[in-house]
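Please look through the structure below with a few plain questions in mind: what lies at the surface, what lies inside, and how the strands are put together. The paragraphs that follow take these topics in turn.

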Amino acid sequence: MRKILTALMVLLSISVLGAVSLSLGDGNIDGVSLYAPDGTIADVSAGIQDSGYLIQAKEDGQYFTSPFGSIHLNAGAAVAVTDFTLPSPSLYIIEGTVSIVLTEDIELEVYTPTTLAVLPGTGEYVFSTNADTEEFMNLSGNAVTTYDAVTATESEILPMNGISRTESSVPFEIPASLYQEISVVRTEAEEPASEPEPVVVEPVVEEAPEVIAYKLAGYELTFVVADGYVDLLYPSIVTDGDAAAFFAYETEKYGSMLDGITYSFIDGGARINL
């Protein structure tokens, strides 16, 4: 169910709203400087809802979140948001060490002064660039294609491998100890096996609808998940005609995959019958 909702949310945002937003995570708001496209200081707490912004971290542990992943910056890192619209976002890492964690299978282009890396989907990717270092490490389960602008060569970086443009430019395997040191994504250790507990049959209680809200490009999309249907509530800028066109496009695109799923309009949105 949640995968269906996520897909609908992403598709609707592409079709209607276009741009997505970057918001400061739990980092220190005073540990980040944000510059607008015209070079003026911007309000970090307001987030980023357009391309052309420059993020500069003054302290370690600063990060920004988005609907499809997060950007973690070490002190001194500078990142330009060159294009933050779906389906083809891109970033330019000017300086420093930056970790990008993708939680959706989108393609993200990341530029550095010498390299282009095309990130293919979910996983973590680490970039380090400064006067003495130009390095990329692939901590995901996907192979990543990188392009060296200096030598005009292309390299495929396999999972748990990296490449240093300032040394041999030959891919190297990432040691487990180094992975534990740099990884942002942590997996919980498996609990030791234990004796199964007695099964207790609880009376069936009808659950209240679940409400899920997403904020995209300054607008809010709300999903009210109930038994057998989902109410999709969207901003007033989206007309019923826009929504109908979107649903018609998706029906034509996915065909029989959507058999049995119908929709009708309600006040403030649409009801999707599952």
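The protein chain exposes about 15,200 Å², an accessible area of the kind obtained by the Shrake-Rupley method with a 1.4 Å probe, where for residues only the protein chains shown count as cover. Carbon and sulfur atoms supply 52% of that exposed area. The model is a predicted one, in which local features need pLDDT of at least 70 and side-chain atom pairs count only at pLDDT 80 or more, while totals for chains, interfaces and linings use all residues. Residues are numbered from 1 along each chain as its sequence is written, and side-chain values use heavy atoms, with hydrogens and water left out.

Of the 274 residues in the protein chain, 41% count as buried; buried means under 20% relative accessible area, exposed means over 50%, and partly exposed covers what is in between, using a 1.4 Å probe and protein chains only. The chain has 3 helices and 20 strands, which are DSSP runs numbered from the N terminus, with at least four residues of type H or I for a helix and at least two of type E for a strand. Among contacts (heavy atoms within 4.5 Å) between residues at least 6 apart in sequence, 43% join residues at least 24 apart.

Strand E12, residues 144–148, is a good place to follow the side chains one by one. In a regular strand the side chains alternate between the two faces of the sheet. Along E12, Val 144, Thr 146 and Asp 148 point to one face and are buried, whereas Thr 145 and Tyr 147 point to the other face and are not buried. Strand E12 also has pairing partners, where two strands pair if DSSP finds at least two bridges between them. Strand E9, residues 115–119, runs antiparallel to E12 and is joined to it by 4 bridges, with Thr 115 opposite Asp 148. Strand E13, residues 153–157, pairs with E12 in the antiparallel sense over 5 bridges, and here Thr 146 stands opposite Ser 155.

What is the phi of Ala 152, in the hairpin of E12 and E13? Most residues other than glycine have a negative phi, and most peptide bonds are trans. Ala 152, although it is not a glycine, has a positive phi of about 55°, and it lies in the loop between the two strands of this hairpin, which has 4 residues between the strands. Ala 152 counts as exposed because its relative accessibility is 71%. Met 160 also has a positive phi, of about 60°, without being a glycine, and it is found in the loop between E13 and strand E14, residues 161–164. Because its relative accessibility is 27%, Met 160 counts as partly exposed.

Met 160 is one of the residues touched by Phe 172, whose contacts beyond four places in sequence also include Glu 135, Met 137 and Ile 163. Phe 172 belongs to strand E15, residues 172–173, and counts as partly exposed because its relative accessibility is 26%. Although Phe 172 and Met 137 are 35 residues apart in sequence, their C-alpha atoms are 9.1 Å apart in space.

The interior can be approached through Ser 70, which is found in strand E5, residues 69–73. Ser 70 is buried because its relative accessible area is 13%. Its side chain is joined to that of His 72 by a polar contact of 3.0 Å, the term meaning a pair of N or O atoms within 3.5 Å, of which, within protein, one must be able to donate a hydrogen and the other to accept it, and where residues adjacent in sequence count only if both atoms are side-chain atoms. Leaving aside neighbours within four places in sequence, Ser 70 is in contact with residues including Phe 64 and Ile 100.

Phe 64 and Ile 100, together with Leu 119 and Phe 127, touch the most other members of the largest nonpolar core, which has 36 residues. A nonpolar core is a set of buried Ala, Val, Leu, Ile, Met, Phe, Trp, Tyr and Cys residues joined through side-chain atoms within 4.5 Å. Among the elements that give two or more residues to this core are E5, E9 and strand E7, residues 90–102, and E7 gives the most, with 5 residues. Apart from this core lies another, of 13 residues, among them Ile 212, Val 225, Leu 232 and Ala 270.
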